[in-house]
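Visitor: Could you take me through one part of this assembly in some detail? I'd like to look closely at how two of the chains meet, and then at what sits around that spot.

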4 protein chains.
Amino acid sequence: MDEIAAFLRQHDRFAAHNGITLVEMSAGRAVARMALQPYHQNGAGMAHGGAIFTLGDLALAAAANAHGTIAVGINVSIQYVKAAHTGTLTATARETSLGPRLATYTVDITDGEGDTVAIMQGMVYRKRDVLPVNNGQ
Amino acid sequence: MDEIAAFLRQHDRFAAHNGITLVEMSAGRAVARMALQPYHQNGAGMAHGGAIFTLGDLALAAAANAHGTIAVGINVSIQYVKAAHTGTLTATARETSLGPRLATYTVDITDGEGDTVAIMQGMVYRKRDVLPVNNGQ
Amino acid sequence: MDEIAAFLRQHDRFAAHNGITLVEMSAGRAVARMALQPYHQNGAGMAHGGAIFTLGDLALAAAANAHGTIAVGINVSIQYVKAAHTGTLTATARETSLGPRLATYTVDITDGEGDTVAIMQGMVYRKRDVLPVNNGQ
Amino acid sequence: MDEIAAFLRQHDRFAAHNGITLVEMSAGRAVARMALQPYHQNGAGMAHGGAIFTLGDLALAAAANAHGTIAVGINVSIQYVKAAHTGTLTATARETSLGPRLATYTVDITDGEGDTVAIMQGMVYRKRDVLPVNNGQ
C-alpha cells in the first residue's frame, strides 16, 4: 500500500501542479487535501469547479487503485452544494461496490468548517494490469 | 460579449494555471482549448480526468455566463471514452435548455484526430446578478 | 408528516401502478419498497433499470417533499451495480445537503440479501408552494 | 434488426406495462414513444420522473442492443428541463461512442410541441453474449 501511495504521489503530476496531496489510502478508501490558493479561483473568485472535481478525483483514483490493479474512471458526476473561498478542502472517497470489472465510489468534499462543498459519485473500469510500482529500485 | 470573454480570460485563474484558453464564446455556446503538457498527466501518464473535466467546465461556464448574468454549476457528469496522451484537446459547449433559473449544457471534448475523449452534461443555476465586467473604465 | 405521506401514497399513481410503496418518511429521509413481479422485467429477464430508478425516485421525492413544500427533481444519476431478479427491493433516501432553493439526496437500493443493487444521487429544486395536503377535511 | 426489435417488443414487460412502444431501431439509434395516461402521473399531477426515465431507458437499451450482443446499463444520468402533463413523449437515443466493452448514448426526450422534457446520458457494458433472438420457433 505504501508503494502504491508513493507511486501516485510521485507520478500524478496534475495533482501536484494543483497543490493536491494524498493524505490517506487503503483498499477502497482514500483522503486527499487541497489548501486553496489564488490560482484555484474561477472568474467569480470562488474555488473553481474543476479544482474541486480534481481534488475529489484524486481521492477516488487512490481508493480504486489501492487494490493494486489499474482502475480508470469511466463516469463521474458531481453535485456542488456550497461555494468555497478560502481554507483547506478535504475529499474522502469510499467504495460503494466492487466487482471484477467495475467498481463505484462516493466522494464527500468538505471545507474547514466541516460543511459539504460537493458530493461525487464515480465508476471505474478495472483493468487486469498491475500498477507499475516498485521495480526493485 | 467581448467584455464578458475578456473578463473570463482575465479572472479565471485556475484555467490560466492549467493552460486552458477560451477560443470562442456566444450566448449558449463556447469553445475552449488545452494543449497537453507533462503537468496534465495522471499517475498512468494520460491526461488527468480532472484536467479534461476542467477544460470542459470552462467551456460550459463560458456558454452559460455569456448571457450576461452569473451562472454557477450545480451538477455536472462526465463520461470518459478515450484516453488522451498528447496534442490539443478542444471542448465545445452548447446549451440544451434555458429557463429563468436553470439551464443545461452538453460539452463534447475531442482530441487532435477529432475523436471524442469525453462527453459532459451540466446544469447551472442562474443568479440575477449581472457579471461585474468592465463598464467604461 | 402523516398527511404528506398519505398524500403521496394516494396521488403518486405511477408508483402505485408499478407496485411501489412508501414505507417510511421524515424530513430528509424516506424508505420505499417494491416486490418484484414479472411485469418489472426487462428483455433480459432482470428487474428493469426504469423500475429500479422509479423505486429510488419515489424515496427521493418523499424525502424531499417531507419538508412540506414542493420539491421537483432536476437531476438524477444512477449507478447499477448488481442485477436483481426476484424478491423485494428497498430504497433508502437520505438528504446530503439542504439549501433554500436546492437540496441533494443519495439513495441506496438493496435486494433481499442486503446487497446493493443501485446507488442514486439526485438534486431537487425547492419551490415556495406548500404541498396541497388535506387540511382538516 | 427486425428480430431484435421483435424480441425487445415481446420481452420488455416493464415497458409494455407502462405503455411504452419501440418505434424505430438501428445500430446505435432508437426511438420510443409513450402516450401519457393518468397512471403516469406523480403526486403533483405531472408525468413521473420514473416514467420519463423509463421511456428514455428503453430507447437507450434498444440502441445499444441493436448491435446484436447484450448490453447492460451501468450508469445513467437524467436532467429534467420541462414538466410534461399530457400528449405523447418521444425519446430518441443516439450512440456517442462505441468501444469493445463500453458504449455511451445521449437520449433526448421531447413532448408533442417538440420541446425538450429531459436529456439523458448513459453508459452500457457490452457483454460477449449474443441476444437470444429467433431460435427457429
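Guide: Sure, let's go to where chain B meets chain A: 30 residues of chain B are in contact with 30 residues of chain A. Bear in mind that this is a predicted model. On the chain B side, helix H1 (2–11), helix H2 (13–17), helix H3 and strand E3 (69–80) each put in at least two residues. E3(B) has the largest share there, with nine residues. Sorted by class, the chain B side that touches chain A comes to 13 nonpolar, 14 polar and three charged residues.

Now zoom in on E3(B). Strand E3 of chain A (residues 69–80) runs antiparallel to E3(B), and five bridges join the two. If you want a spot to centre your view on, try Ser77(A), which faces Ser77(B) across the pairing.

H3, another contributor to that side of chain B, deserves a look of its own. Helix H3 of chain B covers residues 49–65, and its 17 residues at 1.5 Å each should span 24 Å; the end C-alpha atoms are indeed 24 Å apart, so expectation and model agree. Burial is worth checking too: a residue counts as buried when 20 or more other C-beta atoms lie within 10 Å of its own. By that test 17 of the 17 residues of H3(B) are buried, so the helix is largely enclosed by the rest of the structure.

Stay with chain A for a moment and look at its other strands. E1(A) (residues 20–26) and E2(A) (residues 29–35) pair antiparallel over six bridges, with Ile20(A) opposite Met34(A). The two strands make a hairpin with two residues between them, and Gly28(A) in the turn has a positive phi of about 85°. E2(A) also pairs with E4(A) (residues 88–98), again in the antiparallel sense, over seven bridges; in that pairing, Ala35(A) has Thr88(A) as its bridge partner.

Chain A also meets chain C, where eleven residues of chain C are in contact with eleven of chain A. Strands E3 (69–80), E4 (88–98) and E6 (116–130) of chain C are the elements giving two or more residues to that side, and E6(C) gives the most, with four. The class split on the chain C side is three nonpolar, eight polar and no charged residues.

One last stop, over in chain D: E1(D) (residues 20–26) and E2(D) (residues 29–35) run antiparallel, joined by six bridges. Met25(D) stands opposite Ala30(D), and in this hairpin, with two residues between the strands, Gly28(D) takes a positive phi near 85°.

Notes:
Residues are numbered from 1 along each chain as its sequence is written. Chains are lettered from A and ligands numbered from 1 in the order in which they are written. This is a predicted model: local features need pLDDT of at least 70, side-chain atom pairs count only at pLDDT 80 or more; totals for chains, interfaces and linings use all residues. Two strands pair if DSSP finds at least two bridges between them. Two residues are in contact if their C-beta atoms, placed from the backbone, lie within 7 Å. Ala, Val, Leu, Ile, Met, Phe, Trp, Tyr, Cys and Pro count as nonpolar, Asp, Glu, Lys and Arg as charged, and the others, Gly among them, as polar. The expected span of a helix is 1.5 Å times one less than its number of residues. A residue is buried if 20 or more other C-beta atoms lie within 10 Å of its own, exposed if 12 or fewer, and partly exposed in between; C-beta atoms are placed from the backbone.
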